[in-house]
Amino acid sequence: MCIRDRRKESSYNKLMETLKRARESYSRQELKECTFRPKITQSNKIGEAPHERLYKDYEQRIFQATRNELSREKSLTESCTFKPAITPKSHQYASNQNEFQSVHDKLYYKSAKKVLLEQKKQEIEKEAKKMSQTIRKLKENATVCNTCLLYTSPSPRDLSTSRMPSSACKKKKKKK
């Protein structure tokens, strides 16, 4: 290796070192400008898993929301001045409430019940019409025939005197 190559190599090394120092000073300067410094506590380092911590936090939030809502309702009811008169009939009405509490549900099921009742009524009316038509046809057929099937021609058994009651025999003799 010649002197010239050594000089190039040494200047290259110096240049690399100055570049390295410049990068380090730049990163130190950048870190000084950073204001966010996270604080890591012991409970976060060791102990429960993150999903358990999140679940507990969720339960606490739900509990807090429920407690806030109950306190809000309590303050609203305390500020009410209206006191209804409760009678035995009122308890009966309260016990007969539907399982649907919202007004929308009550109106929906009331209208659905009306529709079903109307459909049943129409079905019954159709059945009644069919029955009246069949009855009318049967009456027309009965008036056309107008024969009584009770007394047709006498059977051979009726002619035998041994089985006929004595009153029937007398009536037959009188008719002759």
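User: Let me start with one side chain: is Arg 61 buried or exposed?

Analyst: Happy to begin there. Since the cut-off for exposed is over 50% relative accessible area, Arg 61, at 58% relative accessibility, counts as exposed. Do keep in mind that this is a predicted model.

User: Thanks! Which residue forms a salt bridge with Arg 61, and how far apart are the closest N and O atoms?

Analyst: The general idea is that side chains of opposite charge can pair when their charged atoms come close. Here the partner is Asp 57, and the closest N and O atoms are 3.3 Å apart. Both residues belong to helix H3, which covers residues 50-79. They sit four residues apart, about one turn of the helix. Asp 57 itself counts as partly exposed, at 30% relative accessibility.

User: How many salt bridges does a search of the whole structure find?

Analyst: Three salt bridges turn up. Besides the pair of Asp 57 and Arg 61, let's look at helix H1. Glu 17 pairs with Arg 21, with 3.6 Å between the closest N and O atoms. Glu 24 pairs with Arg 28, and there the closest N and O atoms are 3.7 Å apart.

User: What separates the two partners along helix H1 in each case?

Analyst: Glu 17 and Arg 21 are four residues apart in the helix, about one turn. Because Glu 24 and Arg 28 are also four residues apart in H1, about one helical turn separates them. As for exposure, Glu 24 is partly exposed, with a relative accessible area of 36%.

User: Which residues form a nonpolar patch on the surface?

Analyst: Look at Tyr 12, Met 16 and Leu 19, which together offer about 290 Å² of accessible area. Leu 19 lies in helix H1, residues 3-33. With 36% relative accessibility, Leu 19 counts as partly exposed.

User: Now for aromatic rings: how many aromatic pairs does the search find?

Analyst: One, across the whole structure. A pair of aromatic rings is described by the distance of the centres and the angle of the planes. For Tyr 108 and Tyr 109, the centres are 5.1 Å apart and the planes stand at 80 degrees, so the pair is edge-to-face. The cut-off behind that step is over 60 degrees for edge-to-face. Tyr 108 is partly exposed at a relative accessible area of 48%, and Tyr 109 is partly exposed at 39%.

User: Stepping back, what elements does the chain have, and what share of its residues is buried?

Analyst: There are seven helices and zero strands. Of the 176 residues, 1% count as buried. The accessible surface of the chain comes to about 18200 Å², and carbon and sulfur atoms account for 58% of that.

User: Which helix has the lowest mean pLDDT, and which the highest?

Analyst: A general caution first: where pLDDT is low, the predicted coordinates should not be read in detail. Among the elements of the chain, helix H7 (residues 166-175) has the lowest mean pLDDT, 52, while H3 has the highest, 89. For the chain, the mean pLDDT is 77, and 72% of the residues reach 70 or more. The salt bridge you began with, between Asp 57 and Arg 61, lies in helix H3.

Technical notes: Residues numbered from 1 in each chain as written. Heavy atoms only, no water. Helix = DSSP H or I, 4+ residues; strand = E, 2+ residues; numbered from the N terminus. Buried < 20%, exposed > 50% of the residue type's maximum accessible area, 1.4 Å probe, protein only. Areas by Shrake-Rupley, 256 points an atom, 1.4 Å probe, with all protein chains shown as cover. Phe/Tyr/Trp six-rings, centres within 6.5 Å; stacked < 30°, edge-to-face > 60°. Patch = residues over 30% accessible without salt bridge, like charges linked within 9 Å, V, L, I, M, F, W, Y side chains within 5 Å. Salt bridge = Lys/Arg side-chain N within 4 Å of Asp/Glu carboxyl O. pLDDT = per-residue confidence, 0-100.
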